[in-house]
Amino acid sequence: MTNTFVQSNSIAAFQKAQNYMPGGVNSPARAFGAVGGQPLFMARAEGAYLFDIDGNRLIDYIGSWGPMILGHAHPQVVSAIQQAATRSSSFGAPTEKESELAELITQCVPSIEKLRLVNSGTEATMSAIRLARGATGRARIIKFAGNYHGHVDSLLVAAGSSAANLGVPDSPGVTAGTSQDTVILQYNNLASVERTFAEFGHEIACVILEPIAGNMGTVLPQPGFLQGLRKLCTDYGSILIFDEVMSGFRVALGGAQEIYNVRPDLTTLGKIVGGGLPVGCYGGRADLMDQVLPAGRVFQAGTLSGNPLATAAGIATLQLLRDTPPYAYLDQLGKQLLEGLSSAASRHGVEFHIARSGSMLTFFFNDRPIINWEDADRSSRSSFAKYFWGLIHRGIYMPCSQFEALFISAAHTPADIDATIDSAEEVFATLKSE
Ligand SMILES: *Cc1c(COP(=O)(O)O)cnc(C)c1O
């Protein structure tokens with residue numbers, strides 16, 4: 001890159017932010033704790049590029065941690081939000097647009113027969129767990145180490161994402177009582193799930209998982225894992241919940257369940273479903289969803305749920321994804337990045353493992369295949385931090401942790417990917433010489 005990287009404005013902004021917000025941020029990963037140094041403050045973004053308050057231009061591989069699959073400030077999404085805003089940003093009464101978004105979601109993800117719109121992925125998983133417990137009358141839930149389902153108390157145990165970086169799988173404030181009904185098992189280890197069901201299967205309300213994991217870095221389900229969970233849940237009358245907050249509309253229009261052809265009872269969505277505005281969604285079998293108030297007795301509500309601006313952004317995004325699917329193009333860019341990074345790393349003797357599903361990818365500084373959190377945890381955090389900063393200095397903005405997936409958008413070009421591979425090669429060369 002010819003431009004030189006500067007950070008003085010961001011450093012001043014971070015100093016001020018720390019006076020007002022814990023750690024200077026409104027979500028922990030943004031503080032760069034896992035890679036050291038100080039975060040960049042953003043001014044604006046367009047397509048695949050971020051522009052920070054020092055005037056650096058960066059190729060964006062975070063996409064707001066998933067939502068921006070069409071690139072930033074897509075004209076049709078912007079205009080949908082603008083038009084909705086002139087009609088009022090909230091009513092607290094039903095609108096036809098909510099049914100329009102709901103219908104679109106059910107068309108894209110056929111296992112979702114009925115749904116509720118909420119405001120975040122966290123709210124979606126929290127509500128899905130409550131429904132599973134309410135519907136089965138059972139207390140226990142199974143989750144997998146390294147899977148992140150938002151900051152729901154009962155799910156904030158062995159969670160990946162920021163929790164993994166901070167080394168606080170159990171957050172202070174999550175009581176033993178809250179987490180005692182959460183059973184933590186190893187991802188991709190079907191035998192351990194089978195043993196658990198054999199022991200107390202009739203007490204298990206649900207199994208919740210990321211069907212393609214992204215919050216311990218990208219980790220794909222092993223053949224038969226999802227199918228095996230489906231069968232166990234059916235046999236024991238437990239609810240299978242796919243948390244597709246990240247993978248939904250990302251790996252395919254119908255999410256991981258489309259790729260692996262497994263039908264969960266409930267699905268949680270977030271991120272892309274709101275097109276960059278705060279939307280979450282949980283839905284699935286109509287008979288289950290009809291147990292939610294006021295059709296049924298399981299309580300769940302939200303002042304801003306189905307918010308008109310958020311709904312407009314979601315509709316515009318899903319319509320574009322359905323009518324002009326970018327998935328083949330995204331897959332091609334993902335493949336280009338995987339192959340480029342692999343050969344650059346090999347040329348410089350960097351040991352690595354890459355996992356990818358479409359436009360979601362993680363480069364692990366790890367010489368072994370990764371199928372669960374224990375494998376991922378053996379990756380070199382220090383090499384990752386050098387790689388991360390080396391790329392920032394060259395105008396490439398990667399997720400700031402070894403245990404996050406990067407995302408490519410439909411606004412990226414093959415030239416952006418090539419520039420990224422060239423920069424990575426320069427950084428790999430410096431890693432080896434140390
Ligand atoms: C991001 C994420 C969540 C939490 O969503 P928020 O909108 O941040 O609350 C839940 N599950 C998965 C799989 C996620 O990637």
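Where is tryptophan 65 found? In this predicted model, tryptophan 65 sits in the loop between β3 (57-60) and α2. The backbone there is worth a look: phi of tryptophan 65 is near 70 degrees, a positive value in a residue other than glycine. As a rule, most residues other than glycine have a negative phi, and most peptide bonds are trans. The second half of that rule has its own exception here, since leucine 293 and proline 294 are joined by a cis peptide bond, with omega at about 5 degrees. Proline 294 belongs to the loop between α10 (286-289) and α11.

The two loops just described lead on to a pair of helices, α2 and α11, that pack against each other. Two packed helices are described by the angle between their axes and the distance between the axes. For α2 (residues 75-86) and α11 (residues 308-323), the angle is about 150 degrees and the axes are 8 Å apart. Angles over 145 degrees count as roughly antiparallel, so that label goes to α2 and α11. As for handedness, α2 passes α11 in a right-handed crossing.

Another packed pair turns up with α14 (residues 381-393) and α15 (residues 414-432). Here the axes lie 9 Å apart and meet at an angle of about 135 degrees. That value falls outside the ranges for roughly parallel, perpendicular or antiparallel, and α14 and α15 are therefore oblique to each other. The crossing of α14 and α15 is right-handed.

Then there is the ligand. Its surroundings include a run of Ser120, Gly121 and Thr122, and another of Tyr148, His149 and Gly150. Glu210, Asn215, Asp243, Val245, Met246 and Lys271 are also part of the shell. Sorted by class, this shell holds 3 nonpolar, 6 polar and 3 charged residues.

Some of these residues reach the ligand with polar side-chain atoms. For threonine 122, such an atom lies 2.6 Å from an oxygen atom of the ligand. Asparagine 215 also points a polar side-chain atom at a ligand oxygen, at 3.1 Å. With aspartate 243 the partner is a nitrogen atom of the ligand, and the distance is 2.7 Å. Taken alone, the ligand exposes 380 Å², and the protein buries 83% of that.

How values were computed
Residues numbered from 1 in each chain as written. Predicted model: local features only at pLDDT ≥ 70, side-chain atom pairs only at ≥ 80, totals over all residues. Heavy atoms only, no water. Near = heavy atom within 4 Å. Polar contact = N/O pair within 3.5 Å; in protein donor to acceptor, adjacent residues only side chain to side chain. Areas by Shrake-Rupley, 256 points an atom, 1.4 Å probe, with all protein chains shown as cover. Nonpolar A, V, L, I, M, F, W, Y, C, P; charged D, E, K, R; others polar. Axes fitted to C-alpha atoms, helices over the stretch in contact; angles between N-to-C directions. Helix = DSSP H or I, 4+ residues; strand = E, 2+ residues; numbered from the N terminus. Parallel < 35°, antiparallel > 145°, perpendicular 65-115°, else oblique. Left-handed = near helix turned anticlockwise from the far one by under 90°.
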